[in-house]
Amino acid sequence: MLNLKLSHNPLIQYRPIRTSDLEVLEKIHGDLFPIRYESEFFQNVVNGRDIVSWGAVDRNRPNEQSDELIGFVTARTVLAKDSDIEEFLRYDSSRSEQTLIYILTLGVADSYRNLGIASSLIREVIKYASNIPTCRAVYLHVISYNNPAIYLYKKMSFQCVRRLSAFYFINGQHYDAYLFIYYVNGGRSPCSPLELIKLIVAGAKSGFRMVAAKLWRKEDRKPSKWSKCKESGSLLPTKHNKRMPTEGALSQFV
């Protein structure tokens with residue numbers, strides 16, 4: 001796909017971020033994000049100190065810029081037990097080594113947008129996480145007005161599990177954030193959609209059997225349509241208090 005902002009056909013390749021990328025990495029972050037990152041963050045990225053990263057380069061870029069970053073993703077490994085998404089995992093508390101990958105930053109230079117670079121960078125993170133046996137998910141936060149990013153993560157099968165009020169504070173103003181999760185290595189949510197359907201169907205079948213058994217036992221007795229309120233003596237329609245068996249799991253979808 002030819003980007004009209006480019007004067008050539010790009011040849012995009014991906015590689016680890018290196019110390020020589022420091023200056024360009026800082027510049028692209030400054031151009032793309034309203035949040036200013038400390039120099040320590042960039043030093044940790046380029047030196048691989050507790051942060052993993054991938055960069056995108058255009059091998060057909062002229063003027064000896066064929067190895068200069070035009071996109072990046074940075075991420076960190078965190079313990080599942082220390083994260084804020086433990087409730088959304090099939091977490092085994094007896095296995096304290098279970099981990100997650102948290103995406104810190106993701107960006108692509110403006111002239112290289114809509115070429116699938118961001119998607120490819122995310123796939124690098126997912127592949128990396130999937131190859132770690134103890135890893136259960138990749139997760140991240142997105143500011144609520146970043147519609148292109150929200151669309152991208154949904155398209156890549158990330159699950160939006162929560163809206164966090166006033167998560168970001170930028171230039172004196174609070175902004176909400178969405179929490180997205182991509183499960184790997186069996187670390188799916190405590191109640192998957194398929195399991196939810198099974199629970200509902202099982203509950204409906206159980207309820208039907210109970211009703212059928214009651215009617216069979218009392219087939220010769222016709223129950224009254226009304227039951228008497230004990231305190232007031234008034235007549236009230238008989239009601240059954242129905243409760244969703246998985247309402248706690250459903251509350252994550254906001």
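# Briefing: sheet, helices and one buried valine

Helix α3 (residues 117-130) lies across β1, β2, β3 (69-79), β4 (99-108), β5 and β7, and runs at about 165 degrees to β4. The model is a predicted one. Its chain has 254 residues, of which 37% count as buried, and its secondary structure comes to six helices and nine strands. Of the contacts between residues at least 6 apart in sequence, 66% join residues at least 24 apart.

**The sheet**

- Seven strands form an open sheet with mixed pairing, in the order β1-β2-β3-β4-β5-β7-β6.
- The edges are taken by β1 (12-16) and β6; each has a single partner strand, so one side of each is left without a neighbour in the sheet.
- On average, neighbouring strands of this sheet are turned by 25 degrees against each other, direction ignored.
- In general, strands of a sheet pair through backbone hydrogen bonds, in either a parallel or an antiparallel way.

**Strand β7 and its two partners**

- Strand β7 (residues 173-183) runs antiparallel to strand β5 (residues 135-143), and seven bridges join the two.
- One residue pair between these strands is isoleucine 143 with alanine 177, the latter in β7.
- Strand β6 (residues 159-170) is also antiparallel to β7, and eight bridges join them.
- Two positions in β7 can be matched to residues across from them: glutamine 173 stands opposite isoleucine 170, and tyrosine 178 stands opposite arginine 163.
- A hairpin is formed by β6 and β7, with two residues between the strands.
- Asparagine 171, in the turn of that hairpin, has a positive phi of about 50 degrees.

**Helices on the sheet and on each other**

- Helix α4 (residues 147-155) lies across β4, β5 and β7, running at about 160 degrees to β5.
- For two packed helices, the description consists of the angle between their axes and the distance between the axes.
- Helix α1 (residues 22-32) packs against helix α2 (residues 39-47) at an angle of about 130 degrees, and their axes are 10 Å apart.
- With that angle, α1 is oblique to α2.
- The crossing in which α1 passes α2 is right-handed.
- From α1, the contact is made by Leu22, Leu25, Glu26 and His29; from α2, by Phe41, Phe42, Gln43, Val45 and Val46.
- Sorted by class, this contact of α1 with α2 has six nonpolar, two polar and one charged residues.

**Valine 57**

- Valine 57 is located in strand β2 (residues 52-58).
- The relative accessible area of valine 57 is 0%, so this residue counts as buried, the cut-off being under 20%.
- Leaving aside neighbours within four places in sequence, valine 57 is in contact with Leu11, Ile12, Gln13, Arg15, Ser66, Asp67, Glu68, Leu69 and Ile70.
- One of these, leucine 11, is 46 residues from valine 57 in sequence, and the two are 8.0 Å apart in space, C-alpha to C-alpha.

Key. Residues numbered from 1 in each chain as written. Predicted model: local features only at pLDDT ≥ 70, side-chain atom pairs only at ≥ 80, totals over all residues. Heavy atoms only, no water. Axes fitted to C-alpha atoms, helices over the stretch in contact; angles between N-to-C directions. Helix = DSSP H or I, 4+ residues; strand = E, 2+ residues; numbered from the N terminus. Parallel < 35°, antiparallel > 145°, perpendicular 65-115°, else oblique. Left-handed = near helix turned anticlockwise from the far one by under 90°. Contact = heavy atoms within 4.5 Å. Nonpolar A, V, L, I, M, F, W, Y, C, P; charged D, E, K, R; others polar. Pairing = 2+ DSSP bridges. Buried < 20%, exposed > 50% of the residue type's maximum accessible area, 1.4 Å probe, protein only.
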